[in-house]
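I opened a fresh page for this chain and wrote down what I looked up, entry by entry. Come along and check each note against the picture.

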Amino acid sequence: MHFTEFDTRLAAYGLLISDDQMLLTWFNGGGRAEPGWTMPGGGVEFDESIKAAVAREVFEETGYTVDVGDVVGEHHFTLPRQGTRRPMRSQRFLLTATITDGELGTTETDGTTDFAAWVPLGEVAALHPRADIIELALDVLRQRNH
């Protein structure tokens, strides 16, 4: 399928680890999806770099200002045409990030993030429900430790 025949959603997420804990957020579903645990991050705005998107999203969803590092993972999925909606490709990037300022607390209002929390690494895999972007983060961490 040619790229002009489908829509693309570009998203970027921050991987923040401190004291053997991962920073996660609770996605409330926004009235269109199931709620669950996810990584701080989301859609990249039209004229925004993926690093700028991670910094903005992390601040909105967690209250932290961050320095954004390198891309450490990427994943995509596709959705078929549904009714009048065009097929869609969702392309997601995972970037490291380091906290430079702020305190834990969601700053967005009327958004899709209810709260953020530090979760011990050993407990992340058991969280349910959780978004598959968390699986990408866990895979990245496993590869780093081997």
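**Entry 1: a word I need first.** I call a residue buried when its relative accessible area is under 20%, exposed when it is over 50%, and partly exposed in between. With that in hand I looked up Tyr64, which counts as buried because its relative accessibility is 10%. I also reminded myself that this is a predicted model.

**Entry 2: the domain in the record.** I checked UniProt, where an unreviewed entry places the feature "domain: Nudix hydrolase" at residues 7-142. Over that stretch I found 21% helix and 46% strand. The C-alpha atoms at the two ends of residues 7-142 are 32 Å apart.

**Entry 3: aromatic pairs.** How many aromatic pairs are there? I count rings as a pair if their centres lie within 6.5 Å, and the count comes to four aromatic pairs. I looked up Trp37 and Phe115: their ring centres are 5.6 Å apart and their planes stand at 85°, so this pair is edge-to-face. Trp37 belongs to strand β4 and Phe115 to strand β8, and their positions lie 78 residues apart in the chain, so to speak, as a link of distant parts. Trp37 is buried, at 14% relative accessible area, whereas Phe115 is partly exposed at 36%.

My next pair was Tyr64 and Trp118, with ring centres 6.2 Å apart and planes at 55°, so I wrote it down as tilted. Because Tyr64 lies in strand β6 and Trp118 in strand β8, this pair ties together parts that are 54 residues apart in sequence. Trp118 has a relative accessible area of 22%, so it is partly exposed. I also noted that Trp26, Trp37 and Phe115 form one aromatic cluster.

**Entry 4: the nonpolar cores.** In soluble globular proteins, nonpolar side chains tend to be buried together, so I went looking for such groups. The largest nonpolar core here has 20 residues, and Leu15, Met22, Leu24, Met39 and Leu94 have the most contacts inside it. The elements giving two or more residues to this core are β1, β3, β8 and α3. Which element gives the most to this core? That is α3, with seven residues. Another core of 13 residues lies apart from the largest one, and Ala12, Val44, Ala53 and Tyr64 are among its members.

I then picked Met39 and listed its contacts, leaving aside neighbours within four places in sequence. Among them are Leu15, Met22, Leu24 and Leu94, as well as Ile133, Ile134 and Ala137.

**Entry 5: helix α3.** Helix α3 covers residues 132-144, which makes 13 residues. From first C-alpha to last, α3 reaches 19 Å, close to the 18 Å expected. Its buried residues are Ile133, Ile134, Leu136, Ala137, Leu138, Val140 and Leu141.

**Entry 6: partners of β1.** I followed strand β1 to see how it pairs. With β7 it pairs in the parallel sense over nine bridges, and Leu10 has Gln91 as its bridge partner in β7. With β5, strand β1 pairs in the antiparallel sense over three bridges, and there Tyr13 stands opposite Gly41.

**Entry 7: backbone oddities.** Most residues other than glycine have a negative phi, and most peptide bonds are trans. Where is the cis peptide bond I noted? It joins His128 and Pro129, with omega about -10°. Pro129 is found in the loop between α2 and α3.

Asp20 has a positive phi, near 55°, and is found in the loop between β2 and β3. Asp20 is exposed, with a relative accessible area of 60%. Asp110 also has a phi near 55°, and lies in the loop between β7 and β8. Asp110 is exposed too, at 83%.

**Entry 8: His75.** My last stop was His75 in strand β6, which counts as partly exposed because its relative accessibility is 29%. Its C-alpha atom is 6.6 Å from that of Phe93, although the two are 18 residues apart along the chain. Not counting residues up to four places away in sequence, His75 touches Ser90, Gln91, Arg92, Asp132 and Leu136.

Technical notes: Residues numbered from 1 in each chain as written. Predicted model: local features only at pLDDT ≥ 70, side-chain atom pairs only at ≥ 80, totals over all residues. Heavy atoms only, no water. Helix = DSSP H or I, 4+ residues; strand = E, 2+ residues; numbered from the N terminus. Expected span 1.5 Å × (residues − 1). Buried < 20%, exposed > 50% of the residue type's maximum accessible area, 1.4 Å probe, protein only. UniProt positions renumbered as here; feature names shortened; annotations may be inferred. Phe/Tyr/Trp six-rings, centres within 6.5 Å; stacked < 30°, edge-to-face > 60°. Core = buried A, V, L, I, M, F, W, Y, C linked by side-chain atoms within 4.5 Å. Contact = heavy atoms within 4.5 Å. Pairing = 2+ DSSP bridges.
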